[in-house]
2 protein chains.
Amino acid sequence: MQNQQILLIQRPIGTPGPESWSYITSVAAEPSENEVLIKTAYLSIDPAMRGWMNDSKSYIKPVELGQVMRALGIGEVIKSNSSYFKVGDWVSASVGVQQYAVLPEKEVSKIDVSGFEAPAYLGTLGMSGLTAYFGILDTGAPVSGETVVVSGAAGAVGSVVGQIAKIKGCKVIGIAGGKDKCDYVVNELGFDACIDYKEGSLRKNLKEVCPDGVDVYFDNVGGDILDTLLTLINKKARIVICGAISQYNATALQGPKNYLSLLVNRAKMEGIVVFDNYKRYPEAIEQMKIWIKEGKLNANYQVEEGGVAGFPAVLDALFAGKNTGKLVLKID
Amino acid sequence: MQNQQILLIQRPIGTPGPESWSYITSVAAEPSENEVLIKTAYLSIDPAMRGWMNDSKSYIKPVELGQVMRALGIGEVIKSNSSYFKVGDWVSASVGVQQYAVLPEKEVSKIDVSGFEAPAYLGTLGMSGLTAYFGILDTGAPVSGETVVVSGAAGAVGSVVGQIAKIKGCKVIGIAGGKDKCDYVVNELGFDACIDYKEGSLRKNLKEVCPDGVDVYFDNVGGDILDTLLTLINKKARIVICGAISQYNATALQGPKNYLSLLVNRAKMEGIVVFDNYKRYPEAIEQMKIWIKEGKLNANYQVEEGGVAGFPAVLDALFAGKNTGKLVLKID
């Protein structure tokens, strides 16, 4: 059985170009004992992918050169040598950018796709939603009536963060790039306001909609936006460091020069990695399913066609900020 | 009665020069109802003074131009119109850089100088010691066996932080400038090691003495040293932001470009201001007095002569890193 794959063949400096990738067709492997063969349906396209391409210490080891590019995905079990999975089961796993993946049973999770469209399991009911859930609730710890600001507000994580903060009774302000995204964040996701960071003075515009300052800032972008928020935080504010998409392709890193605002305001800045909460994934997913059914949480995603060969272009689109909601690549 | 005073007359850009100060002699004021007249004995010389000279939002309002420079001090009540204080009482207060201060009773605290030399009440038993106590215990929260690194290790706050971390059973590494300070930190204060940041590679030298990484970093300096520590922290590390002496006179601020290490390591960076703990000052001072008497805590300070007129030179010496332990200016 032919298996289209994308391999990482060169570590990028700055934005990844076509020279980083090799598109090949190989023969799909067969599952051994306690393994399953998965036919990929959808792949999750994530900012974190850029970090996985670097050869540096991180929360997960780098993708090795010459290997299939790492990607989370969902699909169907089509062969099983595991007592836990049967043919026809829907599963999520780190399948990689390929049509068929053989994985040990312990690296695969069954998903119940009844009642929800499958791509939701890569977004709100997948890693992005779980990142948002634990990041805003445990680390941001917003209290009803507080002001919460979220950057990357139209993105996979930010969109969920803001909606959860609204559910918790907060005033929620998004930051996004462009009028269309901002309209979407306010009209479809129900944020109180959304500031287009590409138009006018971000600081002035934020001050206008946050007259009482900022209690929680959930940062997906880093760079100048993080620095601006540091000048607007209240005493005992919490800054959640979830990502820094402005920095992932940068060749010279930009630190938050206003970090001493943490001192002045007795505030904290804390990093999060979703995997630390794996024991609590089921409770979080159950809660988010309830909110979706109640109409309080919009499980938004954007599916791109193109299959395995379309991966480099879709990743480019992510870093160019062209998606609204979770970006998903359809494989099957 | 003549009163020598130092006024702030110009806000500095970068390092304060003589043009910032005016040395004058005026007539000491008389205390009104519920006020006392204090004769200053010693002034506390603090890195925070540089921030007070700026006209920007901080945890305390700036010193106004033409006013006496702010300074914490200790002295004796020589006239009292307060029922709480009598002539001869020793007190601590924000007296300013002057020989005599009139203050309302509610801004003055009585101190018990029996058993300890008076300048200790500006150092280990004063704001520096309290900053160290609450910063390391509440925010750093070190656990026995963990590795704690402290910059400005020979300074007023750092010297106390490291000694408390030793009392709590940690491995404690100092960072200081020059061999004399490092020898002092190890031999007099009992740190496990002290790295001279002016000699060789700080990162390499720290890695050698911290083979298990860094669990708590107490930062008094900011700049490159903070950035280096960010590359050495462990999972769930705590970085206490107490000050940034490398940045106070800088005209272009340097942010910690390695801050994404907080994400990779699920670590936090938190700012502290001692005043938030004022209700617990007595308990902290009692505990530190016990440790001093038990010989576990060295209440180190360095007294400079020079009186009010000597203030600008002593402040220069502080920023040039010339002191070991708490720097105190003798007035009386």
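Analyst: Let's begin with two terms: two strands pair if DSSP finds at least two bridges between them, and a strand is a DSSP run of E with at least two residues, numbered from the N terminus. The model is predicted: local features need pLDDT of at least 70, side-chain atom pairs count only at pLDDT 80 or more, and totals for chains, interfaces and linings use all residues. Residues are numbered from 1 along each chain as its sequence is written, chains are lettered from A and ligands numbered from 1 in the order written, and side-chain values use heavy atoms, without hydrogens and water.

User: What makes E3(B) and strand E5 of chain B a pair?

Analyst: Seven bridges join E3(B) to E5(B), residues 72–80, so the pairing criterion is met. The two run antiparallel, and B:Leu37 stands opposite B:Lys79 in E5(B).

User: How do you know that E3(B) also pairs with strand E16 of chain B?

Analyst: E3(B) and E16(B), residues 326–330, share three bridges in the antiparallel sense, so they count as paired too. Here B:Ser44 has B:Val328 as its bridge partner. Strand E7(B), residues 100–104, is likewise antiparallel to E3(B), over five bridges, with B:Glu35 opposite B:Pro104.

User: Why is strand E3 of chain B called mostly covered? What does "buried" mean here?

Analyst: Buried means under 20% relative accessible area, exposed over 50%, and partly exposed in between, with a 1.4 Å probe and protein chains only. Nine of the 10 residues of E3(B), which spans 35–44, are buried.

User: What makes the sheet E2-E1-E4 of chain B open, and which are its edge strands?

Analyst: This sheet has three strands in that order, with antiparallel pairing. Its edge strands are E2(B), residues 21–27, and E4(B), residues 67–68, as each pairs on one side only. Strand E1(B), residues 2–8, pairs with E2(B) over seven bridges, and B:Leu7 stands opposite B:Ser22 there.

User: Now the cysteines: how many disulfides does the structure hold?

Analyst: Zero over all chains. For A:Cys210, the nearest cysteine sulfur is that of A:Cys194, 11 Å away; a disulfide needs two cysteine sulfur atoms within 2.5 Å, so A:Cys210 is in none.

User: Why is A:Cys210 called buried or exposed?

Analyst: A:Cys210 has a relative accessibility of 7%, so it counts as buried.

User: What about B:Cys170: how far away is the nearest cysteine sulfur?

Analyst: The sulfur of B:Cys210 is 12 Å away, and B:Cys170 is in no disulfide. With a relative accessible area of 3%, B:Cys170 falls under the cut-off and is therefore buried.

Methods. Helices (H or I, at least four residues) and strands (E, at least two) are DSSP runs, numbered from the N terminus.
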